[in-house]
Structures are given as structure tokens and as C-alpha cells.
Number of protein chains: 2
Amino acid sequence: MIATERMAQLEATLAGFYQQAVANRLNEAVLYSLQAGGKRIRPMIFLQLIEDLGRQATEADYQVAACLELIHTGSLIHDDLPAMDDDDYRRGRLTNHKVFDEATAILAGDGLFLDPFGFLAQADLPAQTIVELVRELSQASGTFGMVAGQILDMAGEKQKLDVEQLRVIHANKTGKLLTFPFVAAGLVTDQSEAVIAHLREAGRLVGLAFQVRDDILDVTASFEELGKTPQKDLRADKSTYPALMGLEASRIFLEETLSQALEELEKVAELTAFSPEKIKKIIESLRLDG
Amino acid sequence: MIATERMAQLEATLAGFYQQAVANRLNEAVLYSLQAGGKRIRPMIFLQLIEDLGRQATEADYQVAACLELIHTGSLIHDDLPAMDDDDYRRGRLTNHKVFDEATAILAGDGLFLDPFGFLAQADLPAQTIVELVRELSQASGTFGMVAGQILDMAGEKQKLDVEQLRVIHANKTGKLLTFPFVAAGLVTDQSEAVIAHLREAGRLVGLAFQVRDDILDVTASFEELGKTPQKDLRADKSTYPALMGLEASRIFLEETLSQALEELEKVAELTAFSPEKIKKIIESLRLDG
């Protein structure tokens, strides 16, 4: 399927979750951030992998993809709050709490964390697959994943970190939720444990690359390119890959990490029917000249 | 099982979830609020119902009970935030954001919303039962339940509501999460749809009674009795059952609602082996002279 069609079906699935509203203002706030025009990189990876593993994505797969995006969006809303990163802009638009108010933004994020598990539970998938998806998504996002990474990240702002500490922060803060689409694609297509292990490792490496790239772009890109205030990390004297390794070494590290991720996908292709050309293209697009 | 033993096993289950920490400060904040000495009314109802339905509660049942308490605790932490109810005390102790800070309190609540679904997914229960528990818990708490109720409640502070509007707010804000233990007890003991429907209605009525009681106590109880600032609703000129119906009519409404809940449990006893004496005692304890 071509990317624009896939994107349209994903957007329809996201909006469909929130057609029935108990509280209109809450729904408005949720949809404002859900429809802020993100690149949907996590769902797109998941849906592409399913196709590359040999079948068309089903309605249930789109629901899984959308659930992942709900949690990601919830985390962005909470990250932007005054008590957290205190950002006024996200993707070039005012942040949720600037358009609505702080209480509404807190509750919109809460809803985006609590709803997707119920949506997963209603997907037309075997019960055992749903249970595994719920477990993976919860562990990737909560106290043993993304949320822990955010606390570590804030604590790290006050001190000089080394590269290993930085790796642990980002493995949790952004890495695990970027690994989920790789693992989940293996689960919904009923792959062997060995295949899922390689997919998980590919996801981990892509997650790492994503953060290194983000850190590099904070230094080198403009407001228009980023859709948010650039050089925020730099001004905050934050530990980043460029700050710790230097800009050039960070670029090399990014290239190497992406290459390792592609190698993991080659290993998947050795174990099962898998045409990794298109997913490779998505991963290649994370290269800085991509 | 006697209540103190049950409470001890529940506390152990709650603490057990958070033995492995990725971020210590996050775990501290989560445990601070989890171990604030709540009455655990929701888990206690769930565990008592299982016993009344004819079997001893298993380790998996305690895990389900604990998951419910995680979401309830997360909602209390977020409710107390400056942007929400701005409370300094909860259960006689400083609120989470007063002991830690606002960002940590936001993230602790986020973790308490995201983690329980993963814990449910690991419980030793049939996959189909887990899927139904996940769906019920998510729908009771997110955008179609508790979180919607909180938005409606805040919006309602600025206007005069009627009793029906108040009922819708509380059915969502507190009612659905108080209904969950009734429905979940039916699910884990594999009851018929008819039994689960009566349990759900009993839960709905207990949830309503709980809110009416809370509103009455805000008017009549002291700081020591409540563990928090009394007459907050009164001073905020908030729509409450006593404000709309009068205090005496609210007392009568509470009594009637509790009696209806007990009648629903009688109907369960007509359909299946069920000894409702102990759960009735818990519900009777919600009477104001109880």
C-alpha cells in the first residue's frame, strides 16, 4: 500500500476511537494533539513491517498502530506542560495547555494513556496476542519504560552525564516505544521467538538512532525545520550526544547505529519470508542527508 | 479470610509490583502515594465478592485488585495538582507534589495509569479473562469514564447544575471505577452475563452512594475525620447533592441507593451460589451511622 493511503487509514482509525464523546472539551483537546500533523513514524514502521512480513495490514493492525500513537501523543502533551519542559510550541503549533488549559492538558494526556489498552482489548485479534501486545505496550511506556526515562532525563539536567548514562535515559525515554512497533509486528504476524528477538534488537537500535538524530538536529536545524524552538538543549547546557561526543562523532555514531539496525533486519530475512526493502527505506530516511 | 490478612496480602502485592525500579525517585513517589494508608475500598469489595461467590482469592486475583488501586491512586495524585484541585493534604499527609515536585507527581500518576495493564497481562488468568479485565478497566478510567468525569466536574464548577447533570458527572468520575470490582469479580469467577449485569448494577449504585456520602461528609465532618480540608465544596459554592437536594434529602437518597444495591446482590444470590452477608456488611458501612 502506498504511504498516503496508509496514512489516511491511520488518521481515520485515530479519529474513529474518539467519535463517541462523554465530555466534548476533553475530546477536543485529545483530537487537537492527535491531529497535529506528526509524521506517525511508529505506526508507519509497524504497518510497513507487517506488509514486509508477507501480508496486508488489517483493520485490527491499524487499531494497534493507532494505540501506539495515542500513548506517544499523551507523552508529548505531558512533556510540554509548564512543570515539565514548559514548551509553547510543538510541530509548529501551540501546545495543548496553551490552547486549552493546564488541567485539560493533564487530563487529555491521562486519557491517551488509559484508553489505548481498552482499544487493544477490542481489536479483532486472538486473545493471547492482545495480552502480549498489552504487556509490551505497558512495559514500554510506564514506570519500567518511557515514564522512568523522563524522570531520569529531568534529574540528568542538573548534572554532567556520561554516554552510558545518556544511553540508559534514552533507551527508556524514547527507545522502548520505538521498539514496540518492531516487536508488535512480530506478534500480530505470529513470528517465532528468534524472529521477534531480532526485530526487538532492530527496534532498539532505531530508537537509539532516533535520539542521536534528535540531539544533532537540535544543534543544526532551524525553527522551521523542527517545528519547535531549536538549540533548547544547547542553551540548557543539557547532556546530549553532540555535547558529549562532539558533532562529527555523533554523526558517525548515528550512521553506524542505523547500519546495525539494517543488519538485524537482514537476520530476520534469513529466518522467515521478509522483504525488507521498504522498511529499510524508512530507516534510511533517518540518515541526516535522508 | 479476615480483613487484616487480606489487607496485608494486598499491600504486599502492591509493593511487589514496584520492587524493580528503573528510576528510584519515580518509585519513591509512586510508593509514597500507594502506601498513604487508604481504606482500599475497591480492592476489598473485589476480594470479598470473590469469596462470597464461592472460592478463595488467588494470587492473580490480588494482582487484579492491586491494578485497580494503582489507577485510583494515580487519579488522586493528578487530582491534587495545582492546576487541578490544588490540594496540599490527602489522607492527612502532604500530597505527592508537595513532597516531591509537580513534574514528579505528573509522571508518578502517568506510571500508575500505564503500568496496571501490563501487570494484568502477566496475571495467571485465561487470556480471554485478561482481555475483558483490560477492556473494563480502561473504559472505566479513561476518556469514556473517570477522566471524562473529571473534566465535566471542573466545567461544572462554574455553573449551577441540576441533579441529573451531577449524576452523569459522578457516574463517570467515581462511579465506573467503583463498578469495576463488581464486574471484575464476576469475570474472574466466570459468571453468566445475567449475574455480571446484576453485579454491574450493584456497583453503579454503590458508586452513586459513595459520592452522595462524600458530599454529605464534606459538609458535616472535620479535618481529622476526613484527613483533608473539609467544607471545600461548600466554600467553592460547588454543586453537590446537599447543595441541590438539601442535607436531609441527601441522607435519605443515600440510604435508598444503598438499599437498592443490596437488592441487586439478592438477585445475584437467586442466580448462583452466593453468600452476600460479608459484602453487604462492607456496603452497610457506607451508611452514615456505619
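## Contacts across the interface

Across the interface of chain A and chain B there are zero salt bridges (a side-chain nitrogen of Lys or Arg within 4 Å of a carboxyl oxygen of Asp or Glu). Polar contacts are found: ten residue pairs, both at pLDDT 80 or more. A polar contact is a pair of N or O atoms within 3.5 Å; within protein, one must be able to donate a hydrogen and the other to accept it, and residues adjacent in sequence count only if both atoms are side-chain atoms.

## Basis of the model

This is a predicted model, in which local features need pLDDT of at least 70, side-chain atom pairs count only at pLDDT 80 or more, and totals for chains, interfaces and linings use all residues. Residues are numbered from 1 along each chain, chains are lettered from A, and side-chain values use heavy atoms, without hydrogens and water.

## Extent

Chain A gives 48 residues to the contact (heavy atoms within 4.5 Å), and chain B gives 48 residues. Together they bury about 4100 Å² (accessible area lost, 1.4 Å probe, summed over both). Carbon and sulfur atoms carry 78% of that area.

## Symmetry

A turn of 180 degrees and a shift of 0.0 Å along the axis lay chain A on chain B with an RMSD of 0.0 Å (least squares on the C-alpha atoms of residues with pLDDT of at least 70 in both). That is the relation of a two-fold axis. A:A127 comes closest to the rotation axis among the residues of chain A, at 2.7 Å (C-alpha).

The copies meet through the same surface, because 100% of the interface residues of chain A are also interface residues in chain B.

Key. Buried area = accessible area lost by both parts, 1.4 Å probe.
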